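Thanks for coming. I will go through one part of a model today, strand by strand, and then turn to a helix.

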Amino acid sequence: MSYFDGIAPVTFAGTDSTSDLAFRHYNPDEMLMGKRMEDHLRFACAWWHSFAWPGGDPFGGQTFDRPWFGDDMAAAKLKADNAFDLFAILGLPYFCWHDADIRPEGDSFAENTRNLAEMVDYIGQKMETSGMKCLWGTANLFTHRRFMSGAATNPDPDVFAWSAATVKTCMDATMNLGGENYVLWGGREGYETLLNTDLSREAQQAGAFLNKVVEYKYKIGFKGAILIEPKPQEPSKHQYDYDVATVYGFLKRFGLENEVQVNIEQGHAILAGHSFEHELAMAASLGIFGSIDMNRNDYQSGWDTDQFPDNPREAALAYYEVLRAGGFTTGGTNFDAKIRRQSLDPLDLVAAHVGGMDVCARGLKAAAAMLGDGVLEQARAARYAGWDTSDGHALLGQSLDEIHDLVVAADLRPEPRSGRQEILENVVSRYV
Ligand code: XUL
Ligand code: CO
């Protein structure tokens, strides 16, 4: 018996379909820029939102009633069985997990490790029979009360040690599941008040911690990417991994800019006061683009609402940056998104993913067409054409007084030119 019994596998039915449970745009085998749509998007389901989240909010507890809710191994296995049933219905190729999503919490570190290892075996067998793959694994270093003051940046070295040991077990588990990336979201790496916080120490701790992660990656021969997920607020008042540019500065400081990339989440970009495409373009320009957590925030609430994406234009602009960056290599599109607390039924969980996958597919198609037609890239190249001349090239290597003499000799009079923003925005509107 599956929780999802009675729901048939979702298939592509074309844009004329009015079914709630059909793909109108996501057609896995459709070729775009020489690659299958499924291989472009590399969709993943998030174990925490879809199977572990009880539907609570700050004003009320659990609303969902799932047969697998419980805190023992039998419940964890039932959860895994049903997770794989949902993956099959949706035709999702990947999943992502935290240790706390897939194993029950033990009474000790050793019990946590045993539980995790047993669940990794169980899930590994299900992956073999289903062909499912693991996009990434991660450690939950923020839910349990021991992490209330941070993990790597905790004032208590025992918590640093517990966290480092936990990451070791989670990297082992990710490797055993053939995971293609290992993610670190600094859940409580930040502070509530500067009055009790030593910023210098905490940065040193975080730098040492991440260096150990990279060292261990090489030690075990993990071939995937190590990814940091930036977020500016929530749960801490201030989170150290504020945004892509901040993370890059941190990586540079600790010599890790060629070792670690970023997992960029739509909602986190918005919380940081950026657009999603800004964060993607920034990561690409810094050479640290890795993967995405796809979702959307409510633009009125100012909070990380983790809703499924529903805005084709935003998706198009995001995938445009992904494609400009060369597309995903180890990364993919993880739905770090949850249904609303009133969405009680198995059908809601399926429909949420169908809608999200379809919006991403629609965005990807528009992005591929925009890139293929080249209108935006031609306009961009034309705007910077002066820098491609020999004078333009030379300028960056010249001193201030050399440049001064050039300007005087040529009687230079720069002429402002239109940035053509509205025309370019209209171009995008033609595609979405
Ligand atoms: C929290 C968040 C996490 C990370 C993984 O906002 O996005 O789910 O993606 O720890
Ligand atoms: Co996320």
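Let me start with a crossover: strand β5, helix α6, which covers residues 157-176, and strand β6 form a β-α-β unit that is right-handed. Please keep in mind that this is a predicted model.

Now β5 itself, residues 133-138. Of its 6 residues, 5 are buried, so the strand is largely enclosed by the rest of the structure. On one pairing, β5 runs parallel to strand β4, residues 94-98, with 5 bridges between them. If you want a place to look, H98 sits opposite T138 of β5. The other pairing I want to show is with β6, residues 181-185; it is also parallel, and 2 bridges join the two strands. There, G137 stands opposite Y182 in β6.

From β6 we move on to β8. These two strands pair in the parallel sense, over 5 bridges. W185 has E229 in β8 as its bridge partner.

How many of the residues of β8 are buried? The strand covers residues 225-229, and 5 of its 5 residues are buried. Taking the faces separately, A225, L227 and E229 lie on one side, I226 and I228 on the other, and both faces are covered. Note that E229, the bridge partner of W185, is among those buried residues.

β8 is also joined to strand β10, residues 260-265, by 3 bridges, and the two run parallel. The bridge partner of I226 there is V260.

That leaves the helix, α7, residues 199-220. With 22 residues, α7 spans 32 Å from its first C-alpha to its last, close to the 32 Å expected at 1.5 Å a residue.

Next, the ends of the helix. At the N-terminal end, D198 acts as the cap, with a side-chain oxygen 3.2 Å from the backbone nitrogen of S200. After the helix comes G221, which has a positive phi, near 75°.

Which residues of α7 are buried? They are E202, A203, A206, G207, F209, L210, V213, V214, Y216 and K217. On the spacing in that list, a general remark: an α-helix has 3.6 residues a turn, so residues three or four places apart point the same way.

And what covers the buried residues of α7? The elements include α6 and α8, the latter being residues 244-253, along with the strands β6, β7 at 190-191, β8 and β10. Several of those names have come up already: β6 and β8 pair with each other, and β8 is joined to β10.

That is the end of my part.

Note on methods. Residues numbered from 1 in each chain as written. Chains lettered and ligands numbered in written order. Predicted model: local features only at pLDDT ≥ 70, side-chain atom pairs only at ≥ 80, totals over all residues. Heavy atoms only, no water. Buried < 20%, exposed > 50% of the residue type's maximum accessible area, 1.4 Å probe, protein only. Helix = DSSP H or I, 4+ residues; strand = E, 2+ residues; numbered from the N terminus. Pairing = 2+ DSSP bridges. Right-handed = clockwise from strand over helix to strand, strands pointing away. Expected span 1.5 Å × (residues − 1). Contact = heavy atoms within 4.5 Å. Polar contact = N/O pair within 3.5 Å; in protein donor to acceptor, adjacent residues only side chain to side chain.
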